[in-house]
Structure formats: structure tokens, C-alpha cells
Amino acid sequence: MSDDVLPDVLTAGLCVVFCGTQAGAVSARRGAYYAGPGNKFWKTLFETRLIPEQLGPADFPNLPRYGIGFTDVAKGTSGPDTALMRHHFDIIGFLAKIREHAPAIVAFNGKRAAQAALGGERGRRLAYGLQPSLLVGSRVFILPSTSGAASGYWSIEPWHELAALVKETSF
């Protein structure tokens with residue numbers, strides 16, 4: 001039995017795995033990824049043509065048909081990212097999942113998840129977009145968070161860049 005708030009959606013051969021920090025409170029209650037009313041995730045997937053039809057949070061288990069999977073770096077907690085503590089992150093487990101399933105691209109939905117997973121020096125500024133280094137064999141892309149709480153940092157442009165990369169990536 002798993003203590004994960006939301007189940008991973010991971011299979012071999014995925015083009016892109018979206019990785020967040022942890023499930024938001026609404027997502028945890030609804031049992032679905034990116035379910036908060038202010039979250040732009042599902043709208044953005046469609047607007048950038050990462051998926052061919054408008055879907056919503058309840059559809060998350062079906063995304064592998066489009067080459068898309070999901071996970072978080074803190075699987076056992078939920079709520080705002082501001083409540084996360086270092087011990088909530090399971091980076092070893094996260095890296096093992098990515099190594100096992102070997103997606104072409106790991107796309108971090110927000111810099112907080114990327115900082116946790118990629119490590120590095122505290123205070124180092126991460127840039128949005130494709131990163132120069134691989135993560136256990138997968139390309140790395142950092143996106144502005146779709147969370148309503150991060151709307152001050154929102155830009156759809158890096159999402160369009162990811163969609164272009166996905167189109168050119170054969171998997």
C-alpha cells in the first residue's frame with residue numbers, strides 16, 4: 001500500500017513526464033493532478049497542442065496515450081509549496097522512477113520542484129527552458145508553474161518551447 005497523495009502515472013516510452021513539488025490541497029481532495037480552480041495546467045496543455053483535445057483533472061490517468069506522465073518530488077504530502085520541508089522530498093525515489101521509466105523529457109512545473117530534484121547551490125538561479133544537463137538520461141525542461149499561487153511568474157512562452165521540443169522528439 002502506498003502513502004502517495006496522488007498516484008504516479010509512469011510507463012516506459014513516455015515523451016514527457018511532468019513533475020511538480022507536491023499535490024495541492026484541492027488536487028489531494030479530488031484525487032487528481034492540477035485540480036485547483038486557478039491552475040492553468042489543463043488549459044495550457046491544450047493551448048500549446050501538447051494534447052489534441054481539452055481535458056481536465058479527472059482525465060490524468062489517460063495521458064500516457066499522448067506520451068505524457070506525472071509524478072511529484074514530494075509524494076506523501078499536500079498543500080502549498082510554502083509548507084514543504086526538506087524531509088518531505090524523496091529525491092532518491094524520484095530519480096529511481098525517472099531512471100526506470102526513462103522518459104525523453106522531464107518537465108518541472110515550477111522552479112521549486114526543479115531545485116529540489118536538481119540540487120545545486122542554494123540561491124542558484126534556474127532559468128526556464130531546456131537545461132544543459134541530462135537527469136539520469138532524460139532531457140530536463142523547467143516551466144513556469146501553472147499554479148494560481150504563482151500567477152505573478154506566469155508565461156506561456158516556455159510551454160510553447162516545450163511543445164516544440166516534444167514535436168521534434170521521437171520516442
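1. A disulfide is a pair of cysteine sulfur atoms within 2.5 Å. That cut-off settles the cysteine question in this predicted model. The sulfur of C15 has its closest cysteine sulfur in C19, at 16 Å, which is too far for a bond. Seen from C19, the closest cysteine sulfur is that of C15, again at 16 Å and too far for a bond. A search of the whole structure accordingly reports 0 disulfides.

2. Are these two cysteines buried or exposed? C15 is buried, with a relative accessible area of 1%. C19 is buried too, and its relative accessible area is 0%.

3. Now the sheet. It is open, has 5 strands and follows the order 2-1-3-5-4. The pairing is mixed. Strand 2 and strand 4 (129-130) stand at the edges. Each has a single partner strand, so one side of each lacks a neighbour in the sheet. Helix 5 (residues 157-168) packs on this sheet and touches strand 1, strand 3, strand 4 and strand 5. The direction of helix 5 makes about 155 degrees with that of strand 5.

4. Helix 4 also deserves a look. This helix lies across strand 1, strand 3 and strand 5. Its angle to strand 5 is about 145 degrees.

5. Which residues of strand 3 are buried on each face? On one side they are I105, A107 and N109. On the other they are V106 and F108. Side chains in a regular strand alternate between the two faces of the sheet. For strand 3 (residues 105-109), the count is 5 of 5 residues buried. Both of its faces are covered.

6. Strand 3 pairs with strand 1 (residues 16-20) through 4 bridges, and the two run parallel. V16 stands opposite I105. V17 stands opposite V106. Strand 3 is also joined to strand 5 (residues 139-143), by 5 bridges, and this pair runs parallel as well. There, A107 has F141 as its bridge partner.

7. Helix 3 (residues 91-101) has a clear buried set: G93, F94, K97, I98 and H101. Seen down the helix axis, these buried residues fall within an arc of 135 degrees, so they line one face of helix 3. Residues three or four places apart in an α-helix point the same way, because there are 3.6 residues a turn. I92, R99 and E100 are exposed on the other side of helix 3.

8. What do the buried residues of helix 3 pack against? Their partners are strand 1, strand 2 (68-72), strand 3 and helix 4 (111-118).

9. Check both ends of helix 3. D90 caps the N-terminal end, with a side-chain oxygen 2.8 Å from the backbone nitrogen of G93. After the helix comes A102, whose phi is positive, near 45 degrees.

10. Q22 sits in the loop between strand 1 and helix 1. Despite the loop position, Q22 is buried, with a relative accessible area of 9%. A polar atom of the Q22 side chain lies 3.0 Å from the backbone oxygen of G79. The Q22 side chain also reaches the backbone oxygen of P80, at 3.0 Å. Leaving aside residues up to four places away in sequence, Q22 touches D72, A74, T77, S78, G79, P80, D81 and L84.

11. Where is R30 found? R30 belongs to helix 1 (residues 25-30). R30 is exposed, with a relative accessible area of 52%. The cut-off for exposed is over 50%. Not counting residues up to four places away in sequence, R30 touches A35 and P57. R30 and L162 are 132 residues apart in sequence, and their C-alpha atoms are 27 Å apart in space.

Terms used: Residues are numbered from 1 along each chain as its sequence is written. This is a predicted model: local features need pLDDT of at least 70, side-chain atom pairs count only at pLDDT 80 or more; totals for chains, interfaces and linings use all residues. Side-chain values use heavy atoms; hydrogens and water are left out. Buried means under 20% relative accessible area, exposed over 50%, partly exposed in between (1.4 Å probe, protein chains only). Two strands pair if DSSP finds at least two bridges between them. Contact means heavy atoms within 4.5 Å. The arc is that of the directions from the helix axis to the C-beta atoms. A polar contact is a pair of N or O atoms within 3.5 Å; within protein, one must be able to donate a hydrogen and the other to accept it, and residues adjacent in sequence count only if both atoms are side-chain atoms. Axes are lines fitted to C-alpha atoms, for helices over the stretch in contact, and angles run from 0 to 180 degrees between N-to-C directions.
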